[in-house]
Amino acid sequence: MSDTTDDFVEQAKKVLIGNYARLPTVMVRGQGHLLWDKRGKEYIDLFAGFGGTILGHCHPALIKAASDQAQQLWAVGNTFYTEAQVRLAEKIEKSAFPGRAFFCHSGLEANEAATKLGRLRHGGDGKKWKVVSLNKSFHGRSLAMVAATGNPAVKAGFDPQTPGFTQVDLGDMEGLTAAVDDQTATIMMEPIQGEGGIHELPLQYVAEVRKLCDAKGITLHYDEVWTGGGRTGKWYGHQHFLDAFGKVLQPDIMTLGKAVGGGLPVGIMWAKPELAKLLVPGKHGCTLGANPICMAVADAVYETIEKEGLLAHAAKLGDHAIMRLRGEKRLAGVVKDVRGRGLFLGLELTSEPKDLVQRGLDHGVVINLTQKNVVRIAPAINIPTAAWDEGLGRLVETLATLALS
Ligand code: PLP
């Protein structure tokens with residue numbers, strides 16, 4: 001390996017496909033909410049690897065779960081029962097609505113499984129097969145999920161698009177109702193759009209969508225790949241949506257990814273039992289899905305969040321940050337909106353600074369930019385309060401440089 005960062009970046013470019021807009025920084029070590037690069041510079045990580053390292057880097061409980069499992073049993077395929085996946089599914093059952101689990105490696109795979117199940121519900125014979133999703137959504141990079149994603153840039157270059165997918169605007173109930181027809185199998189939404197710039201579904205809209213799905217026999221699928229696993233201060237983003245009696249407005253299927261693996265590749269489709277039972281042998285599968293090491297780590301993620309009271313911690317830190325950032329005088333004229341829930345926050349900027357993430361690194365903080373002008377903040381939810389305050393301070397310093405440029 002090359003000694004210097006510049007040499008290493010050159011070495012990497014010779015062997016890696018350039019499909020990611022990588023910064024010329026080489027991360028070599030992480031501990032909790034901290035990262036260190038090859039030059040020895042330390043960063044507060046406020047983005048947790050696109051939300052994956054929900055408990056930070058190298059959490060002792062996750063290391064123990066992975067190494068205990070690694071010494072006991074690796075992959076045997078799904079011809080057999082294995083233990084950790086059942087422990088994990090029982091934890092999801094306890095934290096969500098009654099359902100059954102299918103395990104895979106990624107968010108997009110979980111979404112594919114949900115889309116297939118939406119068709120199976122109606123016999124899978126082509127009578128009901130279409131999907132309506134939202135503009136500004138993101139659901140993954142397979143051909144079907146590109147078609148489901150409401151972002152022209154994600155679709156570009158991949159025509160003809162997979163048929164059967166349409167998008168409407170978030171909150172436009174009339175548009176949604178008009179887009180649904182007798183062949184619609186599934187309505188698919190993120191409780192809070194992540195790539196789209198941190199936009200939460202309005203409660204009234206959620207209630208009406210649920211009613212529409214019930215009336216038309218449509219499967220309501222929440223893509224909780226960003227919002228599931230404690231990020232928003234509840235186990236799942238949809239648990240913020242309550243009806244007049246305080247009951248959670250449940251989907252029929254939710255999909256999980258990112259956080260639930262704690263940084264390892266885990267995707268989950270969680271479906272109500274009456275739907276789940278349709279996925280009989282031969283209809284779907286995944287060779288390494290539910291592999292014991294990933295399952296043991298995911299189980300430890302759930303256990304640790306519960307044991308360390310991290311849902312309440314995330315909710316408290318998020319509320320505190322929204323108040324602080326909204327009141328921050330140095331951000332006047334730079335930030336026009338601060339929004340989000342728990343530790344999933346968006347700051348909409350008045351400009352489109354291409355170099356913002358690099359400016360953050362220069363100030364010792366890892367942040368992200370989406371939609372050209374929305375700063376996304378999604379740290380590990382066990383970040384200590386003092387580190388969170390320090391990280392927000394560095395974020396403010398970074399954004400304040402925009403006022404000067
Ligand atoms: N769904 C949502 C809401 C996402 O944000 C993403 C990825 O960012 C995906 C699905 C795809 O997940 P993965 O990259 O694990 O396939």
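This report walks through the ligand site, one helix and two single residues of a predicted model.

**Around the ligand**

Let's start with the ligand, which has 13 residues around it. Gly107, Leu108, Asp223, Trp226 and Lys258 are the ones that come nearest. Sorted by class, the shell is a mix: 4 residues are nonpolar, 5 are polar and 4 are charged. Helix H5, running over residues 107-120, supplies the largest share of that shell with 3 residues.

Three of the nearest residues put a polar atom by the ligand, and the table lists the pairs.

| Residue | Atom on the protein side | Atom on the ligand | Distance |
|---|---|---|---|
| Gly107 | backbone N or O | oxygen | 2.8 Å |
| Asp223 | polar side-chain atom | nitrogen | 2.7 Å |
| Lys258 | polar side-chain atom | oxygen | 2.9 Å |

So how much of the ligand does the protein cover? On its own the ligand has 390 Å² of accessible area, and the protein covers 83% of that.

**Thr255 and its partner**

Next up is Thr255, which sits in strand S11 (residues 253-256). Thr255 has a relative accessibility of 0%, so it counts as buried, the cut-off being under 20%. Its side chain isn't without a partner in there: it makes a polar contact with the side chain of Asn111, at 2.7 Å.

**Helix H9, face by face**

Helix H9 covers residues 203-216, which is 14 residues. Does its length fall short of the expected value or agree with it? At 1.5 Å a residue the helix should span 20 Å, and the end C-alpha atoms are indeed 20 Å apart, so the two agree.

The buried residues of H9 are Tyr205, Val206, Val209, Arg210, Leu212 and Cys213. Look down the helix axis and these buried residues fall within an arc of 160 degrees, so they line one face of H9. Note that the buried set includes a charged residue, Arg210. Turn to the other side of H9 and you find Gln204, Lys211, Asp214 and Ala215, which are exposed.

**Glu306, out in the open**

Last comes Glu306, a residue of helix H11 (residues 292-307). Is Glu306 buried or exposed? Its relative accessible area is 52%, and the cut-off for exposed is over 50%, so Glu306 counts as exposed. In sequence, Glu306 and Gly230 are 76 residues apart. In space, their C-alpha atoms are 9.7 Å apart.

Technical notes: Residues are numbered from 1 along each chain as its sequence is written. This is a predicted model: local features need pLDDT of at least 70, side-chain atom pairs count only at pLDDT 80 or more; totals for chains, interfaces and linings use all residues. Side-chain values use heavy atoms; hydrogens and water are left out. A residue is near a molecule or strand if one of its heavy atoms lies within 4 Å of it. A polar contact is a pair of N or O atoms within 3.5 Å; within protein, one must be able to donate a hydrogen and the other to accept it, and residues adjacent in sequence count only if both atoms are side-chain atoms. Accessible areas come from the Shrake-Rupley method with a 1.4 Å probe; for residues, only the protein chains shown count as cover. Helices (H or I, at least four residues) and strands (E, at least two) are DSSP runs, numbered from the N terminus. Buried means under 20% relative accessible area, exposed over 50%, partly exposed in between (1.4 Å probe, protein chains only). The expected span of a helix is 1.5 Å times one less than its number of residues. The arc is that of the directions from the helix axis to the C-beta atoms.
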